[in-house]
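Open the model in a viewer and follow the selections below, one stop at a time.

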Amino acid sequence: MCADRIRNLYDVLHAAYGPQEWWPADSPFEVIVGAILTQRTAWRNVERAISAMRRSDLLSTDAIERASKSVLTEAIRAAGFYTAKTATLKGFVRHLNEEHDGALDRMFDVPTDVLRSELLALRGIGEETADAIVVYAAGKLSFVVDAYARRVLRRLGWISGAESYETLRRLFLVALPQDVSLVREYHALLVCHGKARCRSVPRCTDCPLGELCQLPRRREEERTT
DNA sequence: AACCAGGAATGTA
DNA sequence: TACATTCATGGT
């Protein structure tokens with residue numbers, strides 16, 4: 001895997017889709033809530049859950065700490081896996097209060113790898129969620145490797161798809177300039193591309209990746225010139 | 001009406 | 001390490 005391809009792919013995606021300006025949230029804490037709620041869940045349903053939380057005034061560390069499990073569970077219901085996600089949210093807030101005086105700024109004020117492993121130690125927060133928090137909430141350098149990233153690279157024929165999360169994370173990190181806004185955009189663009197077009201394998205018409213795209217194109221079917 | 005969505009934890013071999 | 005299961009709602 002050469003690094004130029006990774007960099008070139010960014011340029012192509014950026015040219016095709018433009019800036020995505022992720023993460024869609026009003027505050028770092030809301031990024032964390034969204035990152036937890038979006039685990040194996042369509043973003044549309046996460047928006048509903050966050051709206052319900054906002055309506056019930058549950059979008060703060062204190063409110064989550066105080067709220068009963070059943071109240072919080074009911075608010076985030078639309079996001080699915082609500083029992084587990086309630087425990088994750090409460091667990092995160094408890095950790096933040098006990099270890100960092102309830103201040104995200106203090107929690108984030110450590111080297112990136114320290115923050116990352118601290119997050120990984122929390123129940124309900126795995127690698128992708130930890131990296132989403134590191135990159136989009138803390139503003140530190142890492143890379144969010146999700147299903148879309150793996151899928152896109154596999155379809156380009158650049159990886160087998162069986163690589164570990166860490167392998168792919170390093171792949172992006174070594175290839176790219178150490179620029180947080182770039183890794184933010186890159187992840188967002190991979191999601192955008194995967195969502196907008198190349199989702200299921202045999203249908204890629206007019207792919208923005210152009211010659212890069214290895215997917216079988218559907219034949220010209222009456223392209224009304 | 002099956003299938004999937006911006007995963008993670010646990011268990012097994 | 002690698003794979004299977006479970007958690008669960010809502011859109012296509």
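Two residues are taken to be in contact if their C-beta atoms, placed from the backbone, lie within 7 Å. On that basis, residues 24 or more positions apart account for 61% of the contacts in chain A with a separation of 6 or more. Keep in mind that this is a predicted model.

Select chain A and colour by secondary structure. There are 12 helices and zero strands, so the DSSP runs numbered from the N terminus go from α to α throughout. Next, colour chain A by burial: of its 225 residues, 28% count as buried.

Now select DNA strand B and the protein around it. The strand is surrounded by 22 residues, and the closest are Q39, W43, G126, E128 and T129. Two elements each give two or more residues to this surface: α9 (127–137) and α12 (180–196). Show α9 on its own, since the largest share of the surface near DNA strand B, four residues, comes from there. Colouring the surface near strand B by class gives nine nonpolar, seven polar and six charged residues.

Move to DNA strand C. Here 13 residues surround the strand, with A78, G80, F81, T83 and A84 the closest. The elements to highlight are α3 (43–55) and α6 (82–100), which give two or more residues to the surface near DNA strand C. Which element gives the largest share of that surface? It is α6, with three residues. By class, the surface near DNA strand C has six nonpolar, four polar and three charged residues.

Key. Residues are numbered from 1 along each chain as its sequence is written. Chains are lettered from A and ligands numbered from 1 in the order in which they are written. This is a predicted model: local features need pLDDT of at least 70, side-chain atom pairs count only at pLDDT 80 or more; totals for chains, interfaces and linings use all residues. A residue is buried if 20 or more other C-beta atoms lie within 10 Å of its own, exposed if 12 or fewer, and partly exposed in between; C-beta atoms are placed from the backbone. A residue is near a molecule or strand if its C-beta atom, placed from the backbone, lies within 6 Å of it. Ala, Val, Leu, Ile, Met, Phe, Trp, Tyr, Cys and Pro count as nonpolar, Asp, Glu, Lys and Arg as charged, and the others, Gly among them, as polar.
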